[in-house]
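Me: I'd like to learn how to read a structure like this one. Can you walk me through it, feature by feature?

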Amino acid sequence: MKKTISILSCLFFIGILSVQSQSIFGKWKTIDDETGNEKSIVEIYQKDGKAYAKIVELLENGKEDKVCEECKGAKKNKPIKGMEIINGLSKDGNEWNDAKILDPKTGKEYKCYITLEGDNKLKVRGYVGFALLGRTQYWHKFEQ
């Protein structure tokens with residue numbers, strides 16, 4: 001009985017440590033959900049307790065220097081590479097939310113939330129109004 005309790009305790013603490021070691025921060029490869037092609041490398045970083053994301057590399061041939069023609073305001077006609085596309089997600093349990101995500105293809109901004117789905121997969125949901133009205137992408141951890 002004591003062995004069983006010891007083993008279960010060890011497994012419990014190992015599980016807690018592995019969940020804590022997982023993070024949304026780092027570089028992620030985005031996939032075009034219409035074509036299935038690799039689109040970009042996005043870096044998610046933390047600043048002042050919030051999460052932000054910027055495009056650090058465009059992977060589509062011939063589009064490495066593309067600008068955001070459809071963007072509004074200060075981002076209009078600015079290079080997509082280096083552009084911040086998520087602005088200040090707040091952690092809420094296992095989810096990061098309460099921010100906007102920019103789609104550089106259309107120039108539109110959407111509410112968004114992010115959840116980690118294992119060590120190497122990130123669920124990114126952009127939506128209008130309610131989370132039911134939107135689109136989900138899965139980003140994959142980028143290892144250089």
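Me: Let's begin with the outside. How much accessible surface does the chain have, and what share of it belongs to carbon and sulfur atoms?
Reply: This is a predicted model, so treat everything here as computed from predicted coordinates. The accessible surface comes to about 9400 Å², and carbon and sulfur atoms hold 53% of that. As for the inside, buried residues make up 29% of the 144 residues in the chain.

Me: Before I trust any of it, what is the mean pLDDT of the chain, and where is confidence lowest and highest?
Reply: The general idea goes like this: where pLDDT is low, the predicted coordinates should not be read in detail. In this case the chain has a mean pLDDT of 87, with 85% of its residues at 70 or more. Confidence bottoms out in helix H1 (residues 2–21), at a mean of 43, and peaks in strand S3 (residues 50–58), at 98. Over residues 4–20 the pLDDT is below 50, and that stretch has zero contacts in the model beyond near neighbours in sequence.

Me: Noted. What does the chain consist of, and in which order do the elements run?
Reply: There are one helix and eight strands. Starting at the N terminus, the order is α-β-β-β-β-β-β-β-β.

Me: How do the eight strands fit together?
Reply: They close into a barrel, in the order S1-S2-S3-S4-S5-S6-S7-S8, with antiparallel pairing. On average, neighbouring strands of this sheet are turned by 30° against each other, direction ignored.

Me: Which strands does S1 pair with?
Reply: On one side, S1 (residues 26–31) pairs antiparallel with S2 (residues 38–47) over six bridges. There, Trp28 has Val42 in S2 as its bridge partner. S1 also pairs with S8 (residues 134–141), again antiparallel, over two bridges. In that pairing, Lys29 is matched with His140 in S8.

Me: What should I look at in the hairpins?
Reply: Check how many residues lie between the strands and look for a positive phi. The hairpin of S1 and S2 has six residues between its strands, and Gly36 takes a positive phi near 80°. In the hairpin of S4 and S5, two residues lie between the strands, and Gly93 in the turn has a positive phi of about 70°.

Me: How many bridges hold the middle strands, and which residues stand opposite each other?
Reply: Let's go strand by strand. S3 and S4 pair antiparallel over four bridges, with Lys54 opposite Glu84 in S4. Four bridges also join S4 to S5, which run antiparallel, and here Asp92 faces Glu95 in S5. Then S5 (residues 95–103) and S6 pair antiparallel over seven bridges, where Glu95 stands opposite Thr115 in S6.

Me: Is Thr115 buried or exposed, and why?
Reply: Thr115 counts as buried because its relative accessible area is 15%, and the cut-off for buried is under 20%. Thr115 sits in strand S6 (residues 108–116). Setting aside neighbours within four places in sequence, Thr115 is in contact with Asn94, Glu95, Lys121, Leu122 and Lys123.

Me: And why does Val56 count as partly exposed?
Reply: Val56 has 24% relative accessibility, so it counts as partly exposed; that class runs between the 20% and 50% cut-offs. Val56 belongs to strand S3. Not counting residues up to four places away in sequence, Val56 touches Lys27, Ile41, Glu43 and Lys81. The C-alpha atoms of Val56 and Ile41 are 5.7 Å apart, though 15 residues separate them along the chain.

Me: Last one: which residues touch the most other members of the largest nonpolar core?
Reply: The general idea first: in soluble globular proteins, nonpolar side chains tend to be buried together. Here the largest nonpolar core has 24 residues, and those touching the most other members are Ile44, Ile85, Ile86, Leu89, Ile114, Leu122 and Trp139. S2, S3, S4 (84–92), S5, S6 and S7 (121–127) each supply at least two residues of this core. Take Leu89: leaving aside neighbours within four places in sequence, Leu89 is in contact with Lys50, Ala51, Trp96, Asn97, Ala99, Cys112 and Ile114.

Methods. Residues are numbered from 1 along each chain as its sequence is written. Side-chain values use heavy atoms; hydrogens and water are left out. Two strands pair if DSSP finds at least two bridges between them. Buried means under 20% relative accessible area, exposed over 50%, partly exposed in between (1.4 Å probe, protein chains only). Contact means heavy atoms within 4.5 Å. Axes are lines fitted to C-alpha atoms, for helices over the stretch in contact, and angles run from 0 to 180 degrees between N-to-C directions. Accessible areas come from the Shrake-Rupley method with a 1.4 Å probe; for residues, only the protein chains shown count as cover. pLDDT is the predictor's confidence in each residue, from 0 to 100. A nonpolar core is a set of buried Ala, Val, Leu, Ile, Met, Phe, Trp, Tyr and Cys residues joined through side-chain atoms within 4.5 Å.
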